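Hi everyone, thanks for coming. I'd like to walk you through a structure that may be new to most of you, so have a look at it on the screen while I talk.

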Amino acid sequence: MSASELHGDHPALDLLNTVMTVDGAKVERWTSDGDVLAWLRTVADGADSLPARAPAGLLDAARALREQLRGLVAARKDGAPVDVAALNALLARAPRRLVVMHAEDGALRLVNAYEGAATDALLAPVVEAAAHLLAEEKQDLVKRCENPECTLWFLDKSKSHQRRWCSMGLCGNRHKVASFRKRKAAA
Ligand SMILES: [Zn+2]
């Protein structure tokens, strides 16, 4: 699974999109701790700093985080009050510090390190991404797919800001076919 398959164009929205609805049925992308770690590799900048094996409990922690962040993103989008205390509590679970490391080529590298429980530390970059999305992105560019049966979110990075669908393949073409049929039936 690559990040582009999740259509969100933002790590926090890709997180929400790891559960989706296809033909009315819920499709869960994560069924193990390893699935979550593999997903983190696709969205993380410092993917090489991720552990080889997922810590126990990562799946449950990631799913709980996903649904908590879904509530915050939806509230923000819908103009409802955002539970900032809940978001700050998530951020406080794994405080970040900067660490200088020796890279293999002898150069020095500046990397983020996170305190806290192993699962919280792994998920911390996603929490930070969500905080950025909520506090710093233009909310009219944070969009739900216009297909009412689709639950996917995306950040509209298109130049014209006219993006309407999670993807043409999943929902855009379906809409085109449906409106073509409607026009034909009306003619
Ligand atoms: Zn869609």
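Let me start with one word I'll be using: when I say two residues are in contact, I mean that they have heavy atoms within 4.5 Å. Please also keep in mind that this is a predicted model.

With that in hand, take V36. If we leave aside its neighbours within four places in sequence, V36 is in contact with W30, L58, L59, A62 and L123.

Now let's step back to the whole chain. The protein chain has 187 residues, and 39% of them count as buried. Its secondary structure comes to 6 helices and 6 strands. Reading from the N terminus, the order of elements is α-β-β-α-α-α-β-β-α-β-β-α. The C-alpha trace spans about 70 × 35 × 35 Å along its principal axes. And of the contacts between residues at least 6 apart in sequence, 49% join residues at least 24 apart.

To put a distance on that, pick S158 and R96. They are 62 residues apart along the chain, and their C-alpha atoms are separated by 32 Å. You'll find S158 in the loop between β6 and α6, the helix of residues 168-186. S158 counts as partly exposed, because its relative accessibility is 25% and that class runs between 20% and 50%.

Next, the inside. In soluble globular proteins, nonpolar side chains tend to be buried together. Which residues touch the most other members of the largest nonpolar core here? They are L13, V36, W39, L40, L69 and V73, in a core of 35 residues. So our friend V36 is back, as one of that group. Several elements supply at least two residues each to this core: α1 (11-16), α2 (33-43), α3 (58-77), α4 (84-93), α5 (118-136) and β6 (153-155). The biggest giver is α5, with 9 residues. There is also a second, separate core of 7 residues, and among its members are M20, C145, L152 and W165.

Let's look at the tryptophans W30 and W39. A search of the whole structure turns up 1 aromatic pair, and these two residues form it. A pair of aromatic rings is described by the distance of the centres and the angle of the planes. For W30 and W39 that is 5.4 Å centre to centre and 65 degrees between the planes, an edge-to-face arrangement. Are these two buried or exposed? W30 counts as buried, at 0% relative accessibility, and W39 is buried at 0% as well.

W30 also brings us to an arginine. R66 sits in helix α3, and with a relative accessible area of 3% it is buried. Not counting residues up to four places away in sequence, R66 touches L15, L16, T18, V19, E28 and W30.

Two of those partners, V19 and E28, face each other: V19 stands opposite E28 in β2. That takes us to the hairpin. Strand β1, residues 19-22, and strand β2, residues 25-28, run antiparallel and are joined by 4 bridges. The hairpin has 2 residues between its strands, and D23 is in the turn. D23 has a phi near 50 degrees, which is positive, and it is not a glycine. At 67% relative accessibility, D23 counts as exposed.

Another aspartate with a positive phi is D9, at about 60 degrees. D9 lies in the segment before α1, and with a relative accessible area of 39% it is partly exposed.

I've saved the metal for the end. What coordinates the zinc ion? Four cysteines do, through their SG atoms: C145, C150, C166 and C171, at 2.3 to 2.4 Å. Along the sequence, these donors follow the spacing C-x4-C-x15-C-x4-C. Why is the arrangement called tetrahedral? Because the 4 donor atoms subtend angles of 104 to 117 degrees around the zinc ion, and four donors count as tetrahedral if all angles lie between 85 and 135 degrees.

As for the donors themselves, C166 is buried, at 2% relative accessible area, and C171 is buried too, at 5%. C145 we have already met, as a member of the second core.

That's the tour, thanks for listening!

Technical notes:
Residues numbered from 1 in each chain as written. Predicted model: local features only at pLDDT ≥ 70, side-chain atom pairs only at ≥ 80, totals over all residues. Heavy atoms only, no water. Donors = N, O, S within 2.8 Å, 3.2 Å for Na, K, Ca; no water. Tetrahedral: all angles 85-135°; square planar, octahedral: opposite > 155°, others 65-115°. Buried < 20%, exposed > 50% of the residue type's maximum accessible area, 1.4 Å probe, protein only. Core = buried A, V, L, I, M, F, W, Y, C linked by side-chain atoms within 4.5 Å. Pairing = 2+ DSSP bridges. Phe/Tyr/Trp six-rings, centres within 6.5 Å; stacked < 30°, edge-to-face > 60°.
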